[in-house]
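Okay, thanks everyone for coming. Let me put the structure up on the screen, and then I'll walk you through a few spots in it.

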Amino acid sequence: MIRRINGLVGAGAVMAAGLAFAPAASADPAGCLNSANLQFSDGAVMADKATSVRFVQFGADCTAGGSVTVTRPNGTVVKVPFGSYWPGTGGTATYSDGDIPVPVSDGAGIWKITALNYGTQSAPVSPAASVEVLRATKLIPDASPLYVASGQTPVLKGIAKVYAQDGAGVKLVPLGSGHTVFTTNPVKSAKTDAAGRYSITYPMQYSAIVGLRLQPSAPRPAPSNASVDVRIAGKPPENRCLQQATPRVSSIVALTDKPARVNLVLPWALCSDAALTVQKTDGTLRQKVALPTLQEHPDFLGTYGTFQVSLAVGASNWLITDVHQGAQSHKLATPVAFSVKRSSKVTASHTSAAILPGQSATIAGSATQYTASGAVVALANKVVAFRSGQTTLGYTRTNAYGRFSATVKPLGGYVDVVVNPGSTQVAYAFTTVALKLAPRPTTITGTAGPTAGGVIRPGSKMSTYGRLTVMFSSGKTGPFAGQKVLVQTRPKANPAAPYSTVASATTTSTGYYYANWNASVDADVRVVYVSPYSSIKSAYRWLRSIDVQ
């Protein structure tokens, strides 16, 4: 029987006969209301398309009912939910995050998080966490290449523009006056005029690529970069290719059944008629590799070339020993080392049943490698490591056919599989296995009875209350906040009939729910949690039968 206490009926005033409420749990059991763990990721730069900014709550799973209250630059307030949870493995951080959509029309400015929310609880963020979304800018030189007569001093001219709302859309418009445009090495600068134009006198002895940077003044849009190809008549390009440029390998395509391809670059140099000498560390296969491709971008430029490595004997350690331009050569004091390896491959999958957090999974697969003839053979009797992040979960070995199987206890939803080929001429084989995850269970408890106690009659007010818990992705179980619980009845006279919903309630931060409804006929009573999440199970519990007198 449920009794009225001091004339009050509610979550804190109702007791079942012989069954008192559990002690109140923490108002923030998941740790989602602790603003000390909240931060924005980097801000954003927005041109003519919408963007987003990300917020992060460290050390907590806030995806089930957690959100932030956000004040936009125009003063309007919105709530944005946490969308993802990352459990953290191998020393990496545990956190939840979400993305705040930033509209292109009025999204530039300061965005603030003023409160953290979890279920029905809220906590202010003071001072508010803030991030700035900047409008993108663009430097547009009047001419590039800029041709200058011998004996004249180059004058670099152009216009600075910013993406801004203009009528019905966002477009590039002149930035206006007072913003700084400068060069580097040497530094020369100028301020933009009212039309956003700049003019920089830049004394030069050789033809060169001159880098420009725009540094807007406050209230500021974003900085930007550009470059001008200044060509002075009778002055060849400044030679940065022999003594100043350090060659490097930009990428390597490993040996398979085809020769390997190695991409070389002289960074931060535009070098005509350039080449590099490469060789194996034992001095064999020494050859000169031409670098015919010049690539220029505002934030990077370089001179590129490619050479192929023999399928049969190319798997080895290599060196870049010399830089050439035309008839001139320069031997590197420290040769640049790189390795070419034969490709290997591992395939693996989760072969056992779907698992819950904390349970073990069986992962099986096979590993192969390419030989000097281009044939594919098994990686036999090789060590296979299983990892979650930086944490090693276990080891096994491949059999004579390159196959393997092991049971490990994962720390998240994925397991990395790494096969050590046991040879410096063969690359490690790597793959990531997505685990089959069983929906996490929920548990619902409940009590139902007349709110004022006594005999149940037609129209009697009924109370139903209890708690909802869930297994979090960490494997721990705790209150499931902010979830909808349904109270349902079915006439005892028609047990084949479906249950009908007579009341609903939203769980608090402690997972507690409380709902009232009116009795009408003899009925079975149950409570239901219908999960809207594919990763979380629904829960049902039959509570009692009621007899209406």
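I'll go through a disulfide, a strand with its two partners, the nonpolar cores and one loop residue. One thing up front: this is a predicted model.

Let's start with the cysteines. How many disulfides does a search of the whole structure find? Just 1 turns up. It's formed by cysteine 32 and cysteine 62, with the sulfur atoms 2.1 Å apart. The pair ties together distant parts of the chain, 30 residues apart. Cysteine 32 sits in the segment before β1, while cysteine 62 is in the loop between β3 and β4. And the handedness? The torsion about the S-S bond is about -110°, so this disulfide is left-handed. As for exposure, cysteine 32 and cysteine 62 are both buried.

Now please jump along to strand β42, residues 523–529. Is β42 mostly covered or mostly open? Mostly covered: 6 of its 7 residues are buried. Strand β42 has β39, residues 484–491, as one partner, running antiparallel and joined by 6 bridges. If you want a place to look, find valine 525 in β42, which is the bridge partner of threonine 489. Then there's β43, residues 539–546, also antiparallel to β42 and joined to that strand by 7 bridges. Here you can look for arginine 526, which stands opposite tryptophan 542 in β43.

While we're in this region, have a look at isoleucine 546. Which residues does isoleucine 546 touch, leaving out those up to four places away in sequence? Among them are Ile456, Met462, Trp517, Val521 and Val525. Lys492 and Asp522 are on that list too.

That brings us to the cores. As a bit of background, nonpolar side chains tend to be buried together in soluble globular proteins. The largest nonpolar core here has 52 residues, and Ile113 and Ile546 touch the most other members. Strand β9, residues 121–135, gives the most to this core, with 5 residues. There's also a second, separate core of 26 residues, including Ala245, Leu255, Leu266 and Leu311.

Last stop, glutamine 205. You'll find glutamine 205 in the loop between β16 and β17. Why do we call glutamine 205 exposed? Because its relative accessible area is 60%, and the cut-off for exposed is over 50%. For a sense of distance, glutamine 205 and serine 67 are 138 residues apart in sequence and 60 Å apart in space, C-alpha to C-alpha.

Okay, that's my tour.

Note on methods
Residues numbered from 1 in each chain as written. Predicted model: local features only at pLDDT ≥ 70, side-chain atom pairs only at ≥ 80, totals over all residues. Heavy atoms only, no water. Buried < 20%, exposed > 50% of the residue type's maximum accessible area, 1.4 Å probe, protein only. Helix = DSSP H or I, 4+ residues; strand = E, 2+ residues; numbered from the N terminus. Pairing = 2+ DSSP bridges. Core = buried A, V, L, I, M, F, W, Y, C linked by side-chain atoms within 4.5 Å. Contact = heavy atoms within 4.5 Å. Disulfide = S-S within 2.5 Å.
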